Amino acid sequence: MYFNRFYKINSTFNNLSLQFRRFLRTQNVNKVDLYFQRARLIDSIRLALRSNSSDNLIPHLENPTLDSFVVTNALQSAPSPDSALSLIENLKTIPHFAHTHNTLYALAKVLAKAHETAKLQALINAINSGKFINVARVSYMDQMRWYAISKEFKEVVRAWDEWRITLQKHPCTESYNIVMGLCVQLGKDSDAVRVFHRMIEEGALPNCRTYTILIEHLVRSRKLDSAIELFHMLPHVRMKRTLKQYSVLVEAFSIANQLDVVKILLDQMKSDGILPGEAMLWSFQQMQDAGYDAETNELLRDMLPDGRIKKIGYSMDSSEDDNDDEDEDKESDCDHTNVVDQPHLKPWLDPASLANALRKWGAEEVSALEDAKLVWTTRLVCKMIRSFKSAETAWQFFCWVACQPGFNHDIYTISRMITRLARQGCVDLVDQLLSKVEREGIQLSFSTVQLIIDFYGISGNGDPALRVFNSIKTICGPISKSSQLLLYSSLLRTLVKCNMNPDALNILEEMSLLGIVPDLQTYSGLMNHFALHGDIKTVQRLFGMVRQSGIEPDAYMYKVLIHAYCKCGRAALALRVFEDMRNSRLLPDANTKQLLVKSLWKEGKLREAASVEERTEEISDALPLALPGHMFTVSSADLSRVYNIYSKSFQSTCS
């Protein structure tokens, strides 16, 4: 069997004994020291894998500190699937090593990249049969991910179909993303469009990655106008634009020599508070060659290799105790006859693991961090802030790193820290940072302010959200009317989450005085909130405002109304809404129809209940399983527009 060639299965006793020995060995070890000790060993293995000689690899694998963490990250850092598989093969000679969940899953990804489908299936079967201790069954999602990496379309669809049968409902959005993304890679344009249609039809709302896949697909097919149109829609559907999306579009328009569009994208990226990635370096150089010096100089400065970060090079004399910052000096002292053939890499660094080691933020941990003499860059600090599980620990790190040589906080690190604090409700610290921003004349991006207000809704801090909103001109500067609408919508959502209903209605009146009309999803969200609180008068008032503003209600809004009336025993009014819905050529979903029929029966309106059943059957034998759209985020009209932009770009392939 393929499986037997690759792995040996340790007995329960040996595995438990191994875990116990490691537990004893790490009890009194400084977690940060342990992290850097492991990092040096990972670097040694990375370099050995690039040396094409197992003789260089074995001594590092015999290191007593080798564990699943080291092996997992070494596998993920391997230069090729073949080198990763050689590492697995050599591990069979190491008696003190036993595979864990993390190493097996890293191995599965390696097998997928190597297109070793039979061996991948053997590994999945071995895990699912319980041959590995304390390793859970492989989920359908992980199977789909691995088969997608190996471009096994049939296997991806098979796992997806099995998952659907198990759930007896539509699976999560990411499963659609995996299938659709693979269709794009394989050039199955019509299949990708059908999967996206299925996602919307079944009620799985698109997320950021969904839109990234759509944009990448349009760019691959040279439908740049459609790609940029879809991209500009994202704020309206309450979807955060990502660095990946910007990178794809900037590169595409740079290649097309449409540098005026690239300039607009860079301005928007700055407005969104997104730090550019290395993938954009070529595009920025193109811009600079075309004379856009002012727009690119600062960005290029942030993206060029940092000379302070020294490279690691392979040396037969290096030991695990060598400091990363000394590696370059050691390399210059050794024999230069083979220097040309020796690999040079950036030292391995995982911000999430380092942040986890620092979770206590004690004096010993901080001392070990200072001794490591890391080069702190904006990108690394942002990743660290994001990785801390505790906002308080992230704040301690934020204050500490400000005092480190060669580092100064900028708009990106400040924005990341403020939003992190807001999400966990650290109002005083947010106010402290906002005061500093105001004193120093720094203006936050609009998206950062919107995130603060949204996160205050999650942490239940409505009053601070109002204060931030009222200070928008000071914090952010002038904003467009479309941005004002988005900000008002975020504030309304936060206020109703915090049950500040009178304040929400006051804000609604303020919008009316300013001539800012809430969009469909904002109205739906407000109506749903007041319906849940049994405030039918406010629900009716809001629906009247929708009619007066000339907005055409969608199926989701009608659903909210029908549920509201049925819940408070007003089935006659719910029936009237159903009639309006039918006249608009819309239908309720199955649950809404059943609720209406049941409510009519309870109120003795048997003829009307039967009529609802008959008329829905006349229009369609199969009622939709779910209604597209969602309160406060996206309407069915928006989803229809997104689908039309996407599908019409591939009409010739879909017909």
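I started with Trp400 in this predicted model: its relative accessible area is 11%, so I put Trp400 down as buried. Trp361 is buried as well, at 13%.

I then looked at how the rings meet. Trp361 and Trp400 pair edge-to-face, with 6.0 Å between centres and 80 degrees between planes. Trp361 sits in the loop between α20 and α21, while Trp400 belongs to helix α23, and 39 residues separate them.

Next I checked Trp376 and Phe397, which also form an edge-to-face pair, 5.3 Å centre to centre with planes at 65 degrees. Trp376 is in the loop between α21 and α22 and Phe397 is in helix α23, so this pair ties together parts 21 residues apart in sequence. I noted both Trp376 and Phe397 as buried. With Phe388 added, ring pairs join Trp361, Trp376, Phe397 and Trp400 into a cluster. For the whole model I got 17 aromatic pairs.

Which residues have the most contacts inside the largest nonpolar core? I found Ile45, Leu66, Trp376 and Phe397, in a core of 202 residues. Helix α33 gives the largest share of this core, 10 residues.

I looked at Trp160 too. The charged end of Arg164 sits over its ring, 4.4 Å from the centre, and the charged end of Arg198 does so at 5.0 Å.

On cysteines, I counted 0 disulfides. For Cys568, the closest cysteine sulfur is in Cys566, 8.4 Å away, so that is too far for a bond.

Last, I checked the UniProt record: its unreviewed entry places "repeat: PPR" at several stretches, including 242–276 and 519–553. I see 74% helix and 0% strand over residues 242–276, with end C-alpha atoms 10 Å apart.

Notes:
Residues are numbered from 1 along each chain as its sequence is written. This is a predicted model: local features need pLDDT of at least 70, side-chain atom pairs count only at pLDDT 80 or more; totals for chains, interfaces and linings use all residues. Side-chain values use heavy atoms; hydrogens and water are left out. A nonpolar core is a set of buried Ala, Val, Leu, Ile, Met, Phe, Trp, Tyr and Cys residues joined through side-chain atoms within 4.5 Å. Buried means under 20% relative accessible area, exposed over 50%, partly exposed in between (1.4 Å probe, protein chains only). Helices (H or I, at least four residues) and strands (E, at least two) are DSSP runs, numbered from the N terminus. UniProt positions are given in the numbering used here, feature names are shortened, and annotations may be inferred rather than shown by experiment. A disulfide is a pair of cysteine sulfur atoms within 2.5 Å. Rings of Phe, Tyr and Trp (its six-membered ring) pair if their centres lie within 6.5 Å; planes under 30 degrees apart count as stacked, over 60 as edge-to-face and the rest as tilted. A charge sits over a ring if NZ of Lys or CZ of Arg is within 6 Å of the ring centre and within 35 degrees of the ring normal.
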